[in-house]
Amino acid sequence: MERRWILYVVIWLVVAGLVVPAVPAPTRNQVVVTFKDDVSTLDPAIGYDWQNWSIIKSIFDGLMDYAPGTTKLVPHLAESYQVSADGRTYTFRLRRGVKFHNRREVRAQDFKYSLERVLNPKTQSPGAGFFMGIVGAEEFVKGQAKEVRGIQVVDPYTLRISLKQPNAAFLHTMAINFSHVVPREEVERAGADFGHKPVGTGAFRLKEWVLGQRVVLERNPDYFLKGLPRTDEIVFLVGVEPNVALLRLQRGEVDILGDGIPPARFVQIMNDPRWRRLVEVGDQLHTGYVTIQVQMQPFTDVRVRRALNMAIDKQRIVRIINNRAVPAVQILPPLMAGYDATYSGYPYDPRAAKRLLAEAGYANGFATTLYANNTDPNPRIAQAIQQDLAAIGVRAELKTLAQSTVIETAGRGQAPLVWSGGMAWIADYPDPNNFYWPILSCTSATPGGWNWARYCNRELERQATQADALVQPGQERLRAERYRQIFRRIMQDAPWIPIFHERRYTMHSDRVGGKKGIFTDPVHIPVHYDEVQVIR
Amino acid sequence: MTRYLAGRLLQSVFVLVGVTLLTFLLLYVLPADPAQMIAGRSATPETVQRIRSELGLDQPLPVQYVRYVSRLLHGDLGRSYAQKVEVAELLASRLGPTAILMLSGIGFELLMGLPAGVAAALRQGSRLDRLVMVLAFAGASAPQFAVGLLLLYTLAFRAGLFPLGGYGSWAHVVLPAFTLGIAGAGWYARVIRSSMIDVLGQEYVRTARAKGLPTRRVVHKHMLRNALIPVVSMVGLDIGTFMGGVVVVESVFGWPGIGQLAWQAIQIVDIPVILGVVTTSALAILLGNLLADICYPLLDPRIRYS
């Protein structure tokens, strides 16, 4: 018997002996970022989630970009550009000597190829819609033309793009990932695997990708902006549960929490001065809102919609999410041009709301349905909204469902009220028209569209088109003013209840630092990796 | 035996077809539109429609299913919607880690469960017995998510004995395998205890004792052999239970296996990946059960298949 027990103990000791406390700490000039989910794809034509968005921006470049930490548009691979007098033609002069990671120089032809690749239905790019305003794009997509007429290679360093009508947001679309330049020969060599073998011009190039474990980027020594990137290597560890990621950061194994601070630990971290100083806070281009289906009874009556706007205690909702947001009084977030600092919105006033409802003939309220995403904290927020509505006599049945189900139902126009949390609009580019065309315009009030309120105001549609024609340098302020008026008018019509603007909280180790705002960059979401620097 | 095996294999094929069909139907009734998920929020309805037809999602369901099965028979599991990688490649990269985790999990189960069960049975009714049974009950009912986080916090974060999740060395295996094994260990302890008690009353045990054999020889030579038979089938079934367990454990510990892949795919309705994972898991479960069946007659000559 004893011998057996000895054997048993030995087995356990062997198991224990194999356990060598192996703690991988980041090496010098290497930054470690954690994510819960695997990186999906790094193909700029395909990638469209907040996780790969910024990684793609570090591997690829577009004609335009934004000054780090801001929403200020600046020429990037373009050295300069000119807009024609009618606002329809843009001529870009390219920087010379920019090289792809395979050391071939970038030419105008590459931009034409890259844009046509996005428009090609075979590519299945979610971004094709951004470029449909280019002359000839439609014919190309339908297969009636072999190329897009409106994208012309004037000479190897000059690219000319013609639009069907002026679009002030066009330069922004030249900065989003979908228009980033890719080398044709590498795309053709990798075929469908290009998303996992990305070759671009960016500050970093792919060094290693182990599925389900890590993606490692290394410095591109030929990067055209001198001094960038500011670190030799970035390691993205994937499959790290956010609570575990936080523990690892606290133990010094990890530099940046890609998924943010886990909600359950947020208050604790923010109240502990040791950790609080590692958290950076910034605004983002986000609005959380409730959509009101304006074509459904009783929401066809604007008084009912305004009453709903006055019924919600937004301060309380902000408290529910540990003050990680500021209450919203309007549709546009504060960082956006056209934001109206003088506008105070609908006050929180349940009594006045009840009076308005009575005026509209609903003194005893009515029953309706509120849809919401079922991931925390959205059910709790939806419950708060439900309670506030009940206080003015509106009995909302709560349907908390999977994100895709809510999107599907709301997209068909069948959801009377939708709390947008977990599906809300974060701008693709920092221009106010990105808060109008995809979510509040007549053109988006179609089945499968994102205009869940089914709001359609032809007059505003005309005004927005006019505002988008103000493309000449120097007209920015006038255009912002136009959009300010448009969104003021929408608030009068009240198809939405704006609830809050979320703020971004990024936690990073004290090993890394950089320019102001790069850890809460509004465009390079969540972090501007090119600018992250190991400081000790 | 051969005929029995052939029959079982045929059965397995039917089960596999059933599993794929059922999963296919379930994914189909799901109101989420994968084309919409791929297209993202800024896509125009035309873009969504184009993606739908590129993927063949606009075809009637039977056509889609037949296409899927015929591709499957050619060894083509399709491409992930989200990751744009061959599903086979995704699965291949993750099978190894899951196998390591499962085997270590089973190892922990046996290392903890068997001795505890035997000890409890031999001292039936004692304090030790009651302690073992309470611990077994606690182990079997503790949620793996909580156990995992607790172990990570105490042993890895506080004590610094283990890495905080991840994959790579033997040290990385211990905590997830332990978490995975702890529930099973509880079951094993209970099963082995009761089957040992059964055996204790058998006449051959009494005979062995009567002829003066030392207790340890009685236990090892006569009792354990017989008491272990139910354990063999449990190990086979474990593969099935573990397929569920790895989803949680792999997510907590950041273990790059099948479970984590399944979890990520389900959240974004990545149908080819979900189908691939389900088919692979079904295959693993069938193989596990088959293996257990084959082992029976080897351990116990009284069992015969005809």
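Two residues are taken to be in contact if their C-beta atoms, placed from the backbone, lie within 7 Å. On that criterion, 50 residues of chain A meet 51 residues of chain B in this predicted model. On the chain A side, helix H1 (2-17), helix H7 (242-250) and helix H14 (403-411) each contribute at least two residues to the surface that touches chain B. Sorted by class, that side of chain A has 25 nonpolar, 16 polar and 9 charged residues.

Chain B is a helical chain, with 13 helices and 0 strands. Its C-alpha trace spans about 85 × 55 × 30 Å along the principal axes, and buried residues account for 42% of its 306 residues. Among contacts in chain B between residues at least 6 apart in sequence, 70% link residues at least 24 apart.

The domain assignment divides chain B into domain 1 (2-73) and domain 2 (96-299). Taken over C-alpha atoms, the centres of these two domains of chain B are separated by 33 Å. Where they meet, 13 residues of domain 1 of chain B are in contact with 12 residues of domain 2 of chain B. Helix H1 (2-29) and helix H2 (34-39) of chain B each supply at least two residues of the domain 1 side, and H1(B) provides the largest share, 9 residues. By class, this side of domain 1 of chain B has 9 nonpolar, 3 polar and 1 charged residues.

Within domain 1 of chain B, which covers 2-73, Leu61(B) offers a helpful local view. This leucine lies in helix H4 (residues 61-73) of chain B. Leu61(B) counts as exposed because 11 other C-beta atoms lie within 10 Å, and the cut-off for exposed is 12 or fewer. Leu61(B) and Leu25(B) are 36 residues apart in sequence, yet their C-alpha atoms are 8.4 Å apart in space.

Helix packing in chain B can be followed through H5 and H12. Helix H5 (residues 87-122) and helix H12 (residues 258-267) of chain B pack at an angle of about 135 degrees, with their axes 8 Å apart. This angle makes H5(B) oblique to H12(B). In this packing, Leu90(B), Arg94(B), Leu95(B) and Thr98(B) of H5(B) meet Ile258(B), Gly259(B) and Leu261(B) of H12(B). The contact has 4 nonpolar, 2 polar and 1 charged residues. Helix H9 (residues 203-210) of chain B, by contrast, is hardly covered, with 0 buried residues among its 8 residues. Just after H9(B), Gly212(B) adopts a positive phi of about 90 degrees.

The largest nonpolar core holds 226 residues, and those touching the most other members are Leu119(A), Phe236(A), Val290(A), Ile292(A), Ala307(A), Ile385(A) and Val418(A). Helix H8 (residues 170-200) of chain B brings the largest share of this core, 15 residues. The core also draws at least three residues from each of domain 1 and domain 2 of chain B. Beyond its neighbours within four places in sequence, Ile292(A) is in contact with Phe299(A), Arg305(A), Leu308(A), Leu417(A), Ala453(A), Pro495(A), Trp496(A) and Ile497(A).

Val118(A) belongs to helix H3 (residues 108-119) of chain A. Val118(A) is buried, since 23 other C-beta atoms lie within 10 Å. Residues up to four places away in sequence aside, Val118(A) touches Ala45(A), Thr123(A), Ser125(A), Gly127(A), Ala128(A), Phe131(A) and Phe178(A). Thr300(A), 182 residues from Val118(A) in sequence, is 40 Å from it in space, C-alpha to C-alpha.

Some backbone geometry in chain A also deserves a look. Most residues other than glycine have a negative phi, and most peptide bonds are trans. The peptide bond from Gln297(A) to Pro298(A) is cis, with omega near -5 degrees, and Pro298(A) sits in the loop between strand E13 (286-292) and helix H10 (302-311) of chain A. Another cis bond joins Asp376(A) and Pro377(A), with omega about 5 degrees; Pro377(A) is in the loop between strand E15 (366-373) and helix H13 (378-391) of chain A.

Positive phi values appear at two non-glycine residues, Arg103(A) at about 75 degrees and Ala494(A) at about 55 degrees. Arg103(A) is in the loop between strand E5 (89-94) and H3 of chain A and counts as exposed, with 7 C-beta neighbours inside 10 Å. Ala494(A) lies in the loop between helix H17 (476-493) and strand E19 (496-507) of chain A and is buried, with 23 other C-beta atoms within 10 Å.

Notes:
Residues numbered from 1 in each chain as written. Chains lettered and ligands numbered in written order. Predicted model: local features only at pLDDT ≥ 70, side-chain atom pairs only at ≥ 80, totals over all residues. Core = buried A, V, L, I, M, F, W, Y, C linked by C-beta atoms within 7 Å. Buried ≥ 20, exposed ≤ 12 C-beta atoms within 10 Å, placed from the backbone. Helix = DSSP H or I, 4+ residues; strand = E, 2+ residues; numbered from the N terminus. Domains from an automatic or database assignment. Axes fitted to C-alpha atoms, helices over the stretch in contact; angles between N-to-C directions. Parallel < 35°, antiparallel > 145°, perpendicular 65-115°, else oblique. Nonpolar A, V, L, I, M, F, W, Y, C, P; charged D, E, K, R; others polar.
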